[in-house]
Amino acid sequence: MKYGERLKKLRNKKGFSQKELTDRLNLNRSTYARYELCQTQPDFDTLDKLANFYDVTVDYLLGRSNDPRLTEKEDKEIDKQTRELLDMLDELPPDRKDHYMEEIKAYVRIRTHADNRGKD
């Protein structure tokens, strides 16, 4: 997926028009529109601003990673099971995500403890 498509997808996911987004980030709307059309490329400061706003990595915006949370190197190193878990976490309702994360962490601690006891 090209960087312009990613920018548009992220903007739509947040429910912003181009004008709303550019007003919020203090960007020129016509320049931003050209980013989404891949007619021009954002500079480093703008990439950083967009990555921070969308809470994704610059690698994701540039298409070097397919996971918005990971750099290119991390994305290549992650295994299939971990990716499935991350994708499932992304689909959780935002207001319940913290609760589910705590339950998952507790489960992993219990399983790790039980596995370690079985090795003795």
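## Starting with Tyr54

Leaving aside its neighbours within four places in sequence, which residues is Tyr54 in contact with? They are Leu7, Leu10, Arg11, Lys14, Leu21 and Tyr32. Keep in mind as you explore that this is a predicted model.

Several of these names come back when we turn to the core. The largest nonpolar core has 17 residues, and those touching the most other members are Leu7, Leu21, Tyr32, Leu50, Tyr54, Val56 and Leu61. Helix 1 (3–14), helix 2, helix 3, helix 4 (44–54) and helix 5 (58–62) each supply at least two residues of this core. Which helix gives the largest share? That is helix 4, with 5 residues. There is a wider pattern to remember here: in soluble globular proteins, nonpolar side chains tend to be buried together.

## Where helix 2 meets helix 3

Two packed helices are described by the angle between their axes and the distance between the axes. For helix 2 (residues 18–25) and helix 3 (residues 29–36), the angle is about 115° and the axes are 9 Å apart. Helix 2 passes helix 3 in a right-handed crossing.

Which residues make this meeting? From helix 2 come Gln18, Lys19, Leu21 and Thr22, and from helix 3 come Arg29, Tyr32, Ala33 and Glu36. Sorted by character, the residues of this contact are 3 nonpolar, 2 polar and 3 charged.

Gln18 is a good residue to click on. Not counting residues up to four places away in sequence, Gln18 touches Arg11, Arg29, Tyr32, Ala33 and Glu36. Is Gln18 buried or exposed? Gln18 counts as buried because its relative accessible area is 17%, and the cut-off for buried is under 20%.

## Two more residues to visit

Now move along to Thr46, which sits in helix 4. With a relative accessibility of 8%, Thr46 is buried as well. Beyond residues up to four places away in sequence, Thr46 touches Leu27 and Tyr35.

Further along the chain, Leu86 belongs to helix 7 (residues 80–90). Leaving aside neighbours within four places in sequence, the contacts of Leu86 are Asp67, Arg69 and Ile78. Leu86 and Arg69 are 17 residues apart along the chain, and their C-alpha atoms are separated by 9.5 Å.

## Salt bridges

How many salt bridges does the model have? The count comes to 4, and here are some of them.

Arg11 and Glu36 join their side chains in a salt bridge, at 2.6 Å from N to O. This pair links distant parts of the chain, with Arg11 in helix 1 and Glu36 in helix 3, 25 residues apart. Both Arg11 and Glu36 are buried. You have met the two already, as both Arg11 and Glu36 are touched by Gln18.

Another salt bridge pairs Arg64 with Asp59, whose closest N and O atoms are 2.8 Å apart. Arg64 is partly exposed, at 44% relative accessible area, while Asp59 is buried, at 12%. In helix 8 (residues 97–118), Lys105 and Glu102 lie 3 residues apart, about one turn of the helix. Their side chains meet in a salt bridge at 3.6 Å, N to O. Lys105 is partly exposed, with a relative accessible area of 38%, and Glu102 is also partly exposed, at 44% relative accessibility.

Definitions and conventions:
Residues numbered from 1 in each chain as written. Predicted model: local features only at pLDDT ≥ 70, side-chain atom pairs only at ≥ 80, totals over all residues. Heavy atoms only, no water. Helix = DSSP H or I, 4+ residues; strand = E, 2+ residues; numbered from the N terminus. Buried < 20%, exposed > 50% of the residue type's maximum accessible area, 1.4 Å probe, protein only. Contact = heavy atoms within 4.5 Å. Axes fitted to C-alpha atoms, helices over the stretch in contact; angles between N-to-C directions. Left-handed = near helix turned anticlockwise from the far one by under 90°. Nonpolar A, V, L, I, M, F, W, Y, C, P; charged D, E, K, R; others polar. Core = buried A, V, L, I, M, F, W, Y, C linked by side-chain atoms within 4.5 Å.
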